[in-house]
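Here is a brief report for a modelling reader. Please look over the sequence and the structure first.

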Amino acid sequence: MVSLEEELELSMTYENFEDVPARKAASRRSVEDFNVPAAAPGMKMYRLVVVSFGLLCILQAALNISLRLTLFSQPNSLTEERDEMKRIYLDLEAGCNNLTEERDDLKRTLENYDLEAGCNNLTEERDDLKRTLENYDLEAGCNNLTEERDDLKRTLENYVSQQNSLTEERDEMKRINLDLEAGRNLLTEENHGLKRTLEEYAHYLQQGWVYFSGSFYRISSTMKPWQDSRRDCQQRGADLMIINSQEEQDFSRQYKNIIWIGLMDRDTEGEWTWVDGTQLTTSFWHSGEPNNYDKRNEDCVNINHHDHTNSWNDAPCENEYFWICEKKM
Ligand code: 2F8
Ligand code: CA
């Protein structure tokens with residue numbers, strides 16, 4: 001933006017430039033005035049002065065031209081700056097108007113505001129709060145809060161304690177449950193075992209076997225040598241009878257035929273062995289037995305003397321007798 005004073009100064013400068021040609025003409029006239037016929041003898045000096053003056057004029061003209069060019073290039077930017085300033089001015093004016101309106105609104109609001117009533121209300125509120133504060137029993141309130149806090153603490157501790165005992169109970173119940181589960185599994189297994197045993201018992205009973213003291217017994221209806229008798233028992237899932245007690249010995253005497261039992265000394269003479277591989281300990285030999293009578297290789301044992309508690313006799317294994325099988329349960 002260019003001020004008025006600056007604009008005037010510029011116009012004056014232009015006017016000075018417009019006078020340059022006239023002044024040049026005047027200069028030329030002055031030079032011509034010097035070229036009067038009455039020329040001085042120092043003609044060279046005169047020409048030098050004229051040429052110098054001409055050069056000065058040319059230089060002056062060049063300066064004038066460059067100055068004019070510079071000044072002519074400025075008006076556009078000055079106009080733009082002026083327009084920008086105008087816009088800014090308009091914006092400022094609009095802003096100023098808004099502020100004026102707001103101020104007027106606030107003035108009106110302030111004029112309408114019942115300052116006294118508002119002040120009275122605030123005063124009343126303050127006084128109420130003061131009274132409330134004065135009446136408040138700080139110590140009692142504090143005590144109440146302390147009691148409540150302690151109650152809550154106790155309640156919380158009770159909860160924690162209950163939770164711990166419940167957790168312990170739950171863990172105990174879990175252990176019991178596991179034990180019960182293990183017990184149930186055992187019982188299930190036992191139950192299956194008992195079922196199998198029961199089925200086995202039923203099987204032997206159906207086949208005519210007799211149960212006595214934990215074993216089933218079966219008397220043959222035919223006679224065979226000791227070894228064939230044993231094979232028959234084995235084919236029935238049993239073996240020849242082994243007598244381990246007086247009761248079992250008495251039981252064996254009820255059968256009145258001569259019957260093979262599972263005792264022999266075929267491997268080593270005089271060393272009596274049961275069919276399960278155990279050595280003879282409790283024996284029920286009849287009087288005078290075993291005698292390997294007449295050196296006839298009496299290597300197998302039968303029950304011969306049923307009317308005596310000691311009923312056993314050794315006899316040749318190839319002899320054919322009835323036999324008694326035993327199936328231990
Ligand atoms: O006197 C005992 C004697 O009796 C029989 O032989 C005569 C027995 N023989 C048979 O049973 C085959 C013997 O073993 C027995 O010792
Ligand atoms: Ca004998």
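The text below covers a calcium site, a bound ligand and the disulfides.

**Calcium site**

This is a predicted model. Ligand 2 is a calcium ion. Its donors are Glu 289 (OE), Asn 291 (OD1), Glu 298 (OE), Asn 313 (OD1), Asp 314 (O) and Asp 314 (OD). The coordination distances run from 2.2 to 2.6 Å. Asp 314 thus appears with both O and OD. Along the sequence, the donor residues follow the spacing E-x1-N-x6-E-x14-N-D. Glu 298 sits in the loop between β5 (273–274) and β6 (300–303), and Asp 314 in strand β7 (residues 312–315), so this pair ties together parts 16 residues apart in sequence. Glu 298 and Asp 314 are both buried; that class requires under 20% relative accessible area.

**Ligand 1**

The shell around ligand 1 consists of Glu 289, Asn 291, Tyr 293, Glu 298, Asn 313, Asp 314, Asn 319 and Tyr 321. By class, these residues are two nonpolar, three polar and three charged. Three contacts to oxygen atoms of ligand 1 are listed here.

| Residue | Protein atom | Distance to an oxygen atom of ligand 1 |
|---|---|---|
| Asn 291 | side-chain N or O | 2.7 Å |
| Glu 298 | polar side-chain atom | 2.5 Å |
| Asp 314 | backbone N or O | 3.0 Å |

On its own, ligand 1 has 390 Å² of accessible area, and the protein covers 59% of that. Asn 291, Glu 298 and Asp 314 also serve as donors to the calcium ion.

**Disulfides**

How many disulfides does the structure hold? There are two. Counting bonded cysteines along the chain, the pattern is 1-4, 2-3.

One disulfide links Cys 233 and Cys 325, with an S to S distance of 1.9 Å. The angle about its S-S bond is -85°, and the link is left-handed. Cys 233 belongs to helix α6 (residues 226–235) and Cys 325 to strand β8 (residues 322–328), so the bond ties together parts 92 residues apart in sequence. Both Cys 233 and Cys 325 are buried.

The other disulfide joins Cys 300 to Cys 317, again with sulfur atoms 1.9 Å apart. This link is right-handed, at 95° about the S-S bond. Cys 300 lies in strand β6 and Cys 317 in the loop between β7 and β8, so the pair ties together parts 17 residues apart in sequence. Cys 300 and Cys 317 are buried too.

Is Cys 142 buried or exposed? Cys 142 counts as partly exposed, because its relative accessibility is 46%.

Definitions and conventions:
Residues numbered from 1 in each chain as written. Chains lettered and ligands numbered in written order. Predicted model: local features only at pLDDT ≥ 70, side-chain atom pairs only at ≥ 80, totals over all residues. Heavy atoms only, no water. Donors = N, O, S within 2.8 Å, 3.2 Å for Na, K, Ca; no water. Helix = DSSP H or I, 4+ residues; strand = E, 2+ residues; numbered from the N terminus. Buried < 20%, exposed > 50% of the residue type's maximum accessible area, 1.4 Å probe, protein only. Near = heavy atom within 4 Å. Polar contact = N/O pair within 3.5 Å; in protein donor to acceptor, adjacent residues only side chain to side chain. Areas by Shrake-Rupley, 256 points an atom, 1.4 Å probe, with all protein chains shown as cover. Nonpolar A, V, L, I, M, F, W, Y, C, P; charged D, E, K, R; others polar. Disulfide = S-S within 2.5 Å.
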